[in-house]
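Please have a look at the chain below before you start. The exercises that come after it can each be worked through with the model open beside you.

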Amino acid sequence: MRPTRLTLSAFGAYAGETTLDMALLGTQGLYLITGDTGAGKTTLFDGITYALYGETSGGNRDPGMLRSKYADPATPTFAELVFVYGGARYRIKRNPAYDRPARRGGGTTTELPNAELEYPDGRVVTKKSEVDKAIVALMGVDMAQFSQIAMIAQGDFLKLLLADTKTRIGIFQKLFRTEKYADLQFALKREADGRTRRRMKLKDGLSQYLREIELPPGQALPPALAEEQAAGQATRMEEWLELLATLLQADGAGERAAADALAATEKRLGEVAALVGQAEGTARRRAERAALLKTQADTRAAQSLAEDARAACRAQKPQVAGWQNQAAALESQLPAYAQLEETQKRQRENAGHKALATARQAEAAAQRDAARQRLEALEGQRAQTQNAAARAAELVHAWDTATAQRESWQALRTLYDGCLALKRQEKAADAAWAGAAAAHARALDFYNTQNLAFLREQAGILAQPLRPGQPCPVCGGVEHPHPAVKTRAAPTEEAVNAARQAEQAAHNTMTQREGERERLSGLLDAKKQELAAKADALLPSWELRGLNGVIAQGLAETEARLAACKAALAAAK
């Protein structure tokens, strides 16, 4: 920064407006302001620093004290500085707070502090706070640093020389704008420290991996590599990489063979599971058919017994009607017998006919007793017939009820067995999916390994067709003093593509297994809901864990009731 003109008005010792044209001093070297004590040197310093930063150079005078006490009340107080920075011209003007005559009426008013900065392109920034920010951004230093490096008053140069290292570093960084290089230095140091830590971590990991390398039976490490493995160090990286590539290829071939065998086994397992499911379904249907046939036979037998009992009841109906008619006839004769007894009583009173009356009385009594006995027998036979008919109806109703209950229990058994069969299929599907997922993980890992090895070998692959005088496809150079060499264990692009296709096939198989598992899971959920609805309708309370025993007990009890009904119907026949 080079000041070219300083204008002070009613500022410090200058009562009027004073302009100092420093452009006359030229553009080379330093400006030296000298003079006797009290000549106004510090006022010039204050004018420059106040115009730039709104502060005095020494920091021991408040900006409110800058108005000259010798100035006319109407003379404004301000400091204006024109300076050149970076080859461009700037103008900055500030005024402190001071009392001035009011423009209207009498008395005085306070002029508020203000500032304005004019850029070379004519743009003007106003307001004190905005100008403060703009000047620091433009100059690159604050007031304290400016007073130490650009305008050193009297012995303040000693402060810069005696400042601590941290302070001087900050001053010089802002002065010469080297903050970005310091930031770059710190960033590089952090990156170097981070790379060092990663290198040490990788070195430790490499040592651990070297110790964990296991060779196939009958194969041993070369002596040099064996020593490095024992020491946990790897200096022969090319040899180690070739060895690892060979081992990875061998492992990959073994994994592919195992994956193929596993896939074949899983396929066979799926076929066996399907056959088992079909066999279970066939056995279940056969059992259901046998149970239905047995139920049908029992039902037909019970119906036959019930029909026989009904026929027997119907056959006895005419006889019962005859007995009822005879009983009615006898009952109708009872009044005659009563009249006869009355007659006999009157005859007993007649002495002349005593013998005849006695004989007739005895005959009538015998007939009456016989009629009564016959009536009682008929009543007993009628009650017995009615009881037999009612009992037959009760047995038929009990048989129908037990048959319906047995059908309900058998339906619940069928649902329960269906749930068990689906559960077994779901378990087999879960195992098949887990195997497919493991196979896919192995295929994906093998593909990633092959692809990474292929990418690492690109330099050697690209360098293979290089010939002297022919341009390099990467850098375009025609000289190839140190072309990269592809290792013998580097996979080909065809091998990488084959590994990718194998991974895709394994992924498709895993997706199919997952779909089958979800399908069976949905069927099982639906079957469980149907089972729960049937069980809720049949049982007041139940649990899935003990439902098998409850079904067996219910079937046994129902079969026992059916057997009892069958025996009772046979006895009634």
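Here are four short exercises, each followed by a worked solution.

A word on the ground rules: this is a predicted model, in which local features need pLDDT of at least 70, side-chain atom pairs count only at pLDDT 80 or more, and totals for chains, interfaces and linings use all residues. Residues are numbered from 1 along each chain as its sequence is written, and side-chain values use heavy atoms, with hydrogens and water left out.

**Exercise 1. Describe the protein chain as a whole.**

Step 1: Begin with secondary structure, where helices (H or I, at least four residues) and strands (E, at least two) are DSSP runs numbered from the N terminus. The protein chain has twelve helices and eight strands.

Step 2: Turn to burial, with buried meaning under 20% relative accessible area, exposed over 50%, and partly exposed in between (1.4 Å probe, protein chains only). Of the 573 residues in the protein chain, 28% are buried.

Step 3: Add the surface, using accessible areas from the Shrake-Rupley method with a 1.4 Å probe; for residues, only the protein chains shown count as cover. The protein chain exposes about 36,300 Å², and 55% of this comes from carbon and sulfur atoms.

Step 4: Finish with contacts, meaning heavy atoms within 4.5 Å. Among contacts between residues at least 6 apart in sequence, 64% join residues at least 24 apart.

**Exercise 2. Find the salt-bridge partners of Arg91 and say where they lie.**

Step 1: Apply the rule that a salt bridge is a side-chain nitrogen of Lys or Arg within 4 Å of a carboxyl oxygen of Asp or Glu. The count comes to 15 salt bridges.

Step 2: Take the pair with Glu116, whose salt bridge to Arg91 spans 2.9 Å from N to O. Arg91 sits in strand S4 (residues 88–95) and Glu116 in strand S7 (residues 114–118), so this pair links distant parts of the chain, 25 residues apart.

Step 3: Take the pair with Glu118, where the N to O distance to Arg91 is 2.8 Å. Since Arg91 lies in strand S4 and Glu118 in strand S7, the pair ties together parts that are 27 residues apart in sequence.

Step 4: Check the burial of each residue. Arg91 is buried at 15% relative accessibility, while Glu116 at 25% and Glu118 at 24% are partly exposed.

**Exercise 3. Work out how Glu503 and Arg500 are placed, then name the network that shared partners form.**

Step 1: Their side chains meet in a salt bridge of 3.0 Å, N to O. Both residues lie in helix H11 (residues 493–538), three residues apart, about one turn of the helix.

Step 2: An α-helix has 3.6 residues a turn, so residues three or four places apart point the same way.

Step 3: Glu503 is buried at 5% relative accessible area, whereas Arg500 is partly exposed at 34%.

Step 4: Salt bridges with shared partners join Glu80, Arg91, Glu116 and Glu118 into one network.

**Exercise 4. Characterise helix H1, then the surroundings of Glu426.**

Step 1: Helix H1 (residues 41–53) has 13 residues and reaches 18 Å from its first C-alpha to its last. That is close to the expected 18 Å, taken as 1.5 Å times one less than the number of residues.

Step 2: Eleven of the 13 residues in H1 are buried, including Phe45, Ile48 and Tyr53. Just after H1, Gly54 takes a positive phi of about 75 degrees.

Step 3: Glu426 has its place in helix H9 (residues 354–456) and is buried at 11% relative accessible area. Leaving aside neighbours within four places in sequence, Glu426 is in contact with Leu520, Ser521 and Leu524.
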